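Visitor: Could you take me through one residue of this protein up close, and then show me how the whole thing around it is put together?

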Amino acid sequence: MERYSRQVLFAPIGEEGQKKLLSSHVFIVGAGALGCASAEMLARAGIGKITIIDRDYVDWSNLGRQQLYTEEDAKLKLPKAIAAKNHLERMNSSISVEGVVGDFSIELEGMMNGVDLIIDGTDNFETRFFINDLAMKYNIPWIHGAVVRSYGMSVSILPKKGPCLHCLLETIPSDGMTCDTVGVISPAVQMVASFQVAEALKYLVSGEVSEQLVSFDVWKREHSIVNVSSLKKSSCPSCGENPTYPYLSMENGLKTAVLCGRNTVQIRPQQKQEISLSSIRNRLKPVVGELKENPYLISFQVDGVQVVLFKDGRAFIHGTKEEERAKAIYQRYIGA
Ligand SMILES: [Zn+2]
């Protein structure tokens, strides 16, 4: 227990709390910047079991803020879940760490047994709404966190008691921006992860979480706190009286299809929608290769593929037959 002595001295945790942490299982979805920061704090705090899932591999562009990874991981293109596990085990060999290489999917349902808490380390809302339904269905609290530029936010979701992410849909700004197109700085990541992990520790030792959505901008030194306890909706399809968990059915995800003989994957959103090509073009212009457009579509090169995006939200990802890769590119540059 010596290694946890300072944390045990912190009265709200104490020896009893530390024992609870040592017998807890935290599931981290995403091993990007947020997932790395949360995972390191949780491992050092002595969370008995940590599972971390991620679909990506370590890239040089990750090293600026994804604190678990080294140049060696990038050279080897190691899956993030594996690299994270390796480094976490070196920080604390007395806990159990599991790294899962894969995408969020219905298979996650089989991994929820014994999970005490879920941490959001993702970078897109499609995954977050999936986590939300999963958490509601299996009655597992989860801590949402999001970060772009120097701005971040966090809110804790406690099933049955408070509102879920679905209830908060109108409260949370989600304009489709992601870190890959607008940038992000490490201090903002650390701040969000700190709020998430503090809430995680609080819940694991006391069963309680805060009822506020906190957001801040570390560059401008602004912050705001909104009480969300009254925003739970009885008609919510994820946490209301007759839940249907819409995001757990694959029908609500992005639909992918490999186009025959064209080395191309088509992605289409489930719901019909009209997107603003001009705002997407303005956002993408600084970060992608040559960008062409006409009134019906925009076309650009990125990550070794050619993306053609139509006004109805459909996209062709030319240069790959890998649906997961095409989907990841779609989510990263266009948004879910
Ligand atoms: Zn809800």
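Guide: Let's set the scene with burial: 42% of the 336 residues in the protein are buried, where buried means 20 or more other C-beta atoms within 10 Å of the residue's own, exposed means 12 or fewer, partly exposed is in between, and C-beta atoms are placed from the backbone. Keep in mind that this is a predicted model, where local features need pLDDT of at least 70, side-chain atom pairs count only at pLDDT 80 or more, and totals for chains, interfaces and linings use all residues. Numbering starts from 1 along each chain as its sequence is written.

Now zoom in on Val182. With 14 other C-beta atoms within 10 Å, Val182 counts as partly exposed. Val182 sits in helix α7, residues 179-182. Pro141 is 41 residues from Val182 in sequence, and their C-alpha atoms are 30 Å apart in space.

Stepping back, the protein has 10 helices and 14 strands; these are DSSP runs numbered from the N terminus, with helices being H or I of at least four residues and strands E of at least two. Of the contacts with a separation of 6 or more, 63% join residues 24 or more positions apart, a contact being two C-beta atoms, placed from the backbone, within 7 Å.

As for the domains, bounds from an automatic or database assignment give domain 1 as 2-248 and domain 2 as 254-333. Their C-alpha centres lie 28 Å apart. Along the principal axes, the C-alpha atoms of the protein fill a box of roughly 65 × 50 × 45 Å.
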